[in-house]
Amino acid sequence: MRTRVDRPRIIGTLKERLMLHLIAFEVIKRLEELHPELEIDSEALAHVRLGFLREPCRKLGVCSYADQRPSRPATEFTDRHKTHRILLSRVSMYDDLPDAVFTIHHEFLHAILGSDEGHGRTFQEHEDRINPYIKQISTLVLETTSSFQSIH
Ligand SMILES: [Zn+2]
């Protein structure tokens, strides 16, 4: 059964997608250093599909896990990152960029820890480790993408 969805999928402008991917880039490259106790496959995580939530959205982000049935064709590296995709609220990048950075890290942590962990103790232990870097990442994303304002 299919759920009826009246809202269109959000692709976002080039600039918005650049912002999303830059946030993810800056988060992923810090993961191993931030979480030395966890097994982190950064090479595979760099291949996780990224996108935006349909609008209006209540959530800030979502991480969905890959369908593991062997009959389903997977994308490259899915066998390693086991993630279907990570979606971010597009408006959150404008409303509160630091919060969007926190959310992307939150969702990648879900990808790393798996669905059984949920928001469990290990998750909570690791979630805030991105905090000291949020401002730096937000500033970099804004500075890098500011010249793209005319393209949309
Ligand atoms: Zn969560």
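User: Which residue in E3 does Val 62 stand opposite?

Analyst: Leu 87. The model is predicted: local features need pLDDT of at least 70, side-chain atom pairs count only at pLDDT 80 or more, and totals for chains, interfaces and linings use all residues. Residues are numbered from 1 along each chain as its sequence is written.

User: What makes E2 and E3 a pair?

Analyst: Strands pair if DSSP finds at least two bridges between them. Five bridges join E2 to strand E3 (residues 83-88), so the criterion is met. The two run antiparallel. Strands here are DSSP runs of E with at least two residues; helices are runs of H or I with at least four; both are numbered from the N terminus.

User: Why are E1 and E2 said to stand at the edges?

Analyst: The order in this open, mixed sheet is E1-E3-E2. Strand E1 (50-52) and strand E2 (61-65) each have a single partner strand, so one side of each lacks a neighbour in the sheet.

User: How do you know that the length of helix H7 agrees with its residue count?

Analyst: The expected span is 1.5 Å times one less than the number of residues. For the 15 residues of H7 (131-145) that gives 21 Å; the end C-alpha atoms lie 22 Å apart, which agrees.

User: Why are Ile 137, Ser 138 and Val 141 called buried, and what puts them on the same side of H7?

Analyst: Buried means 20 or more other C-beta atoms within 10 Å of a residue's own; exposed means 12 or fewer; partly exposed lies in between; C-beta atoms are placed from the backbone. Ile 137, Ser 138 and Val 141 in H7 are buried, so they meet the first cut-off. They cover an arc of only 105 degrees, taken from the directions from the helix axis to the C-beta atoms, which puts them on the same side. On the other side, Pro 132, Lys 135, Gln 136, Thr 139 and Glu 143 are exposed.
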